[in-house]
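This report looks at how the strands and helices are arranged, and then turns to the surroundings of the ligand.

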Amino acid sequence: MKCDATMDDAAQTERSGDTAGQARASVLRVIGLKKSYLTPQGRVAVLRGVDLSLEAGASVALMGESGSGKSTLLHLVAGLDDAEDGEIFVDGAEVTGLSDFGRAALRRETLAVVFQQFNLISSLTIRANVAFQARLAGRFDPVWQEELIHRLGLGNLLDRYPEQLSGGQQQRAAIGRALAVRPRLLLADEPTGNLDEATADDFMELALDVVAATGCAFLMVTHSARLAARLERQVRLSAGVIEKP
Ligand SMILES: Nc1ncnc2c1ncn2[C@@H]1O[C@H](COP(=O)(O)OP(=O)(O)OP(=O)(O)O)[C@@H](O)[C@H]1O
């Protein structure tokens, strides 16, 4: 099975002692991924065979025209929707073969996602929202939580509820919640869309600090060439596939 092969690859990388700049363990592998949607005009193929790999410590900007399928790809990687064909491996687990329970565990413990819609929990304060996934994953770290709150400028908003925050403030809280987990794979869909330029730059610095400190892999959808250039690699989704460099 390919899942086993991936875990073997990762184990071999660890055994070989390769670290700085050499072979790195695979965190995300997408192979031949296909997805279409049924629309009133008929079935529309959005992803037509996407291949993408991210190793530990990789930061990759996912670009492409509006409607090219970037959010669709992130939803499939996060196990929030089903692919029609192809395989997705996250940290050695085959997402496409997991049960709903397995996918929920993956989202709780291995992945963190910053969505365009924030998805904050309306009945929880901002403090509780930021801590939420880290607590679920059993990785809550009060020192790290305080640093995130400080760096994201959330200090005077902690006792408020999401509906009492502006869009940009909610986005900063959603970013805090994702980074608090120190995930193996950080997925972000236009995470700076509601932020001013300086705050967007602060987020990039923070996310890249997390990548450097924890060796997680970071996949970020963005329309900004300026922000994309700060990441290690840029890939473009076009006509349903990742364009060849
Ligand atoms: N549930 C759905 N049912 C039907 N069509 C859908 C559905 N979700 C997405 N689509 C279509 O699939 C295509 C890809 O959408 P997606 O949101 O993945 O694009 P995107 O690249 O993230 O766009 P943007 O940059 O505007 O956010 C679009 O044409 C969209 O209309």
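Two strands are said to pair if DSSP finds at least two bridges between them. In this predicted model, strand β4, residues 85–90, meets that condition with β5, since two bridges join these antiparallel strands, and within the pair Phe89 stands opposite Glu94 of β5. Both strands belong to an open, antiparallel sheet of four strands, which follow one another in the order β2-β1-β4-β5. Because β2 (42–55) and β5 (93–94) stand at the edges and have a single partner strand each, one side of each is left without a neighbour in the sheet.

A second open sheet contains six strands in the order β6-β7-β8-β3-β9-β10, and its pairing is mixed. Here the edge strands, each pairing on one side only, are β6 (111–114) and β10 (241–242). Strand β9, residues 233–238, pairs with β10 in the antiparallel sense over two bridges, and Ser238 is found opposite Val241 of β10.

Helices lie across strands of both sheets, as the table sets out.

| Helix | Residues | Lies across | Angle |
|---|---|---|---|
| α2 | 70–77 | β1 (26–39), β2 and β4 | about 120 degrees to β1 |
| α6 | 167–180 | β6 and β7 (185–189) | about 170 degrees to β6 |

Helix α2 also takes part in the shell around the ligand, to which it gives the most, with three residues, while β1 and α2 each supply at least two. Among the residues around the ligand are Tyr37, Thr39, Val46, Lys70, Ser71 and Thr72. By character, the shell divides into two nonpolar residues, eight polar ones and one that is charged.

Terms used:
Residues numbered from 1 in each chain as written. Predicted model: local features only at pLDDT ≥ 70, side-chain atom pairs only at ≥ 80, totals over all residues. Contact = placed C-beta atoms within 7 Å. Axes fitted to C-alpha atoms, helices over the stretch in contact; angles between N-to-C directions. Near = placed C-beta within 6 Å. Nonpolar A, V, L, I, M, F, W, Y, C, P; charged D, E, K, R; others polar.
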